[in-house]
Amino acid sequence: MHSIEKKLTRQISQANRRFDLIGQDDRVMVAVSGGKDSWGLLSLLRVYRTQVPFDFSIIAVTIDQGQPGFDGKRLEDYYAVHGYDYRIVYKDTYSVVIDKTPDGKAYCSLCSRMRRGILYRQAEELGANKVALGHHRDDLIETLLLNQFYSGRVRSMAPKLVEANGGATIIRPLALSAEDDLRAYAMEKEFPIIPCNLCGSQTNLKRQDVKRLLKTLEVTNPRIRGNLLASLGNIDTSHLLVGELDSAKDELQIIEHD
Ligand code: SF4
């Protein structure tokens with residue numbers, strides 16, 4: 001096994017031990033968008049499956065969202081040649097997202113909510129109790145910073161999200177893995193990458209700003225990404241405003257008005 005594959009599979013194993021993501025008899029539906037991360041996840045889960053003493057099944061699901069230039073045939077060929085169990089679902093969310101997103105706002109928010117709804121329905125139809133998403137360490141820490149900078153809250157993406165209404169559990173087996181490693185893995189495996197033309201057409205996204213900020217800070221602090229990830233599991237609520245939020249808000253308002 002190549003070293004990058006070994007490293008990433010080991011991290012999936014660590015994530016599974018830590019967050020209890022996949023177990024015996026799970027049916028894992030992998031949401032494959034056609035990007036490097038979800039291709040990596042699909043491939044790595046198949047490798048991981050051969051290494052663990054329990055059995056689980058994998059099915060790949062891709063949503064054809066009606067985006068111009070989406071080449072479903074390339075994906076289908078790849079799935080077939082590599083022996084994946086798969087389904088491609090057509091739903092034109094593209095027109096809705098274009099129509100409903102106000103000018104200057106990012107498409108991803110509405111688009112991902114619609115995608116999530118479709119994925120839940122597919123999971124139900126396919127009998128999948130887990131839906132695996134390709135978000136990685138850098139997605140988690142960028143989301144943390146975005147929420148802090150622009151929404152005033154401490155929130156990221158959970159490695160495991162159990163649905164309150166009994167639907168499939170969302171899992172993120174790449175939560176401990178770096179985007180750069182997934183990029184290298186995708187190049188090594190020559191996945192048929194299909195870029196998202198929708199959000200790719202937007203240049204001034206806040207996420208790009210956060211990515212740039214992290215890159216800049218990383219020059220003097222190479223541990224910054226690891227530290228930010230660690231902070232998500234190392235929360236000292238006694239030194240936050242939890243439980244005192246209302247009085248703290250009042251205080252902030254007083255300061256603002258001074
Ligand atoms: S706009 Fe593209 S990247 Fe954003 S959620 Fe939709 S498909 Fe994903």
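**Notebook: helices α2 and α7, and the core**

I looked first at helix α2 (residues 36–51) and helix α7 (residues 179–189), whose axes, as lines fitted to C-alpha atoms over the stretch in contact, come within 9 Å and cross at roughly 75°. Because angles of 65 to 115 degrees between N-to-C directions, on a scale from 0 to 180, count as roughly perpendicular, I noted α2 as roughly perpendicular to α7. I then listed the contact residues (C-beta atoms, placed from the backbone, within 7 Å): Lys-36, Asp-37, Trp-39, Gly-40 and Ser-43 of α2, with Leu-182, Arg-183, Tyr-185, Ala-186 and Lys-189 of α7.

I reminded myself that this is a predicted model, in which local features need pLDDT of at least 70 and side-chain atom pairs count only at pLDDT 80 or more, while totals for chains, interfaces and linings use all residues. Residues are numbered from 1 along each chain as its sequence is written.

I counted eleven helices and six strands, taken as DSSP runs numbered from the N terminus (helices H or I, at least four residues; strands E, at least two).

Next I checked burial, where a buried residue has 20 or more other C-beta atoms within 10 Å of its own, and found that buried residues make up 28% of the 258 in the protein. The largest nonpolar core (buried Ala, Val, Leu, Ile, Met, Phe, Trp, Tyr and Cys joined through C-beta atoms within 7 Å) holds 37 residues, and Ala-31 is among those that touch the most other members. Its largest share, six residues, comes from α2.

Finally I followed Ala-31, which, leaving aside neighbours within four places in sequence, is in contact with Ser-38, Val-61, Leu-119, Val-131, Ala-132 and Leu-133.

Definitions and conventions:
Angles under 35 degrees count as roughly parallel, over 145 as roughly antiparallel, 65 to 115 as roughly perpendicular and the rest as oblique. Two residues are in contact if their C-beta atoms, placed from the backbone, lie within 7 Å. A residue is buried if 20 or more other C-beta atoms lie within 10 Å of its own, exposed if 12 or fewer, and partly exposed in between; C-beta atoms are placed from the backbone.
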